[in-house]
Amino acid sequence: MVPNAVKAGTVILVDSKGQPVVNAVVTMASAPVATTPDTPSRSLPPAIMDQVDKQFVPEILVIERGQTVSFPNSDNIRHHVYSFSSPKPFEIKLYSGNAVAPLLFDKSGIVVLGCNIHDSMVGYIYVSEESPSWQTNSQGQAEIGDIQGDVFIWHPDLSLNHTERLAFTVDTINNSNTTLTVERIAPPVTDKKVFGKRKFNSQ
């Protein structure tokens, strides 16, 4: 396959400068974001949010509501992972290795992660409903198949609070491709103020 080839039924996401928006999440709008915990009946394997070279890996992790997430620390230093986000506020105090049990994410929404020790560490967990979700690749493309209707687009660069989703209507029926243009308005997150007004006590 040619690297820049576009398959039928593809959403192509670019910014106002024509640059691809990588790792954006495309979600069908048929299932709204829920606020009430309700674990799906089917069993889902744990997802992995690693910590490598003082970064969350992957930066954006997409899971389903009711799925657990493991937080291994692959660095040779300790981290203190936390979130103030309403779908899943939590704290994992200073630790290393695989000493922490997986956490359950039973509310859908966007969870912003930080490290209480390393301010530059920022990660995101997108907790989806059971409606289909896709992530754009390095060319800003997501192969969604034959879809017609409303979708939500999310990426941390597309809102000042890094958590807002944008609504679009797409039509990929009859092997069509849809290009969507969005505006990057959020600066890179480098300050703990985006998470809250306090830090956890690491003692």
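In this predicted model, strands β8 and β9 form a hairpin with 6 residues between them. Strands here are DSSP runs of E of at least two residues, numbered from the N terminus, and two strands count as paired if DSSP finds at least two bridges between them. The pairing of β8 with β9 is antiparallel and extends over 4 bridges; Val81 has Ile92 of β9 as its bridge partner. Strand β8 also pairs with β11, again in the antiparallel sense, over 2 bridges. In that pairing Val81 stands opposite Cys115 of β11.

Residues are numbered from 1 along each chain as its sequence is written. The model is predicted, with local features requiring pLDDT of at least 70, side-chain atom pairs counted only at pLDDT 80 or more, and totals for chains, interfaces and linings using all residues, while side-chain values use heavy atoms and leave out hydrogens and water.

Strand β8 covers residues 79-83, and 5 of its 5 residues are buried. Buried means under 20% relative accessible area, exposed means over 50%, and partly exposed lies in between, with a 1.4 Å probe and protein chains only. In a regular strand the side chains alternate between the two faces of the sheet. In β8, His79, Val81 and Ser83 point one way, His80 and Tyr82 point the other way, and all are buried.

The hairpin belongs to an open sheet of 5 strands in the order β6-β12-β11-β8-β9, with mixed pairing. Its edge strands are β6 and β9, each of which pairs on one side only. Neighbouring strands of this sheet are turned by 20 degrees against each other on average, direction ignored. For such angles, axes are lines fitted to C-alpha atoms, and values run from 0 to 180 degrees between N-to-C directions.

The largest nonpolar core has 19 residues, and Val69, Phe71, Phe90, Phe105 and Ile125 have the most contacts inside it. At least two residues of this core come from each of β6 (60-64), β9 (90-95), β10 (103-105), β11 (109-115) and β12 (122-128). Such a core is a set of buried Ala, Val, Leu, Ile, Met, Phe, Trp, Tyr and Cys residues joined through side-chain atoms within 4.5 Å. In soluble globular proteins, nonpolar side chains tend to be buried together. Residues touched by Phe105, not counting those up to four places away in sequence, include Ile63, Gln67, Val69, Phe71, Phe90, Val111, Ile125 and Val127; a contact means heavy atoms within 4.5 Å.

Gln67 lies in strand β7 (residues 67-70) and is buried, with a relative accessible area of 11%. Beyond four places in sequence, Gln67 touches Leu44, Pro45, Pro46, Ala47, Leu103, Leu104 and Phe105. Gln67 and Ser43 are 24 residues apart in sequence, and their C-alpha atoms are 8.0 Å apart. Polar atoms of the Gln67 side chain lie 2.8 Å from the backbone oxygen of Pro45 and 3.0 Å from the backbone nitrogen of Glu64.

A further open sheet has 3 strands in the order β14-β1-β17, with mixed pairing. The edge strands are β14 (141-143) and β17 (178-182), each pairing on one side only. The twist averages 20 degrees from one strand to the next. Strand β1 (residues 10-15) runs antiparallel to β14 and is joined to it by 3 bridges, with Thr10 standing opposite Glu143.

Several loops contain backbone features of note. The peptide bond from Val57 to Pro58 is cis, with omega near 0 degrees, and Pro58 lies in the loop between β5 (55-57) and β6. Asn23, in the loop between β1 and β2 (25-28), has a positive phi of about 65 degrees although it is not a glycine. Asn23 is partly exposed, with a relative accessible area of 36%. His162, in the loop between β15 (148-154) and β16 (166-171), has a positive phi near 70 degrees. His162 is buried, with a relative accessible area of 5%.

Over the whole protein there are 0 helices and 17 strands, where a helix would be a DSSP run of H or I of at least four residues. Of the 203 residues, 45% count as buried. Among contacts between residues at least 6 apart in sequence, 66% join residues at least 24 apart.

Notes:
A polar contact is a pair of N or O atoms within 3.5 Å; within protein, one must be able to donate a hydrogen and the other to accept it, and residues adjacent in sequence count only if both atoms are side-chain atoms.
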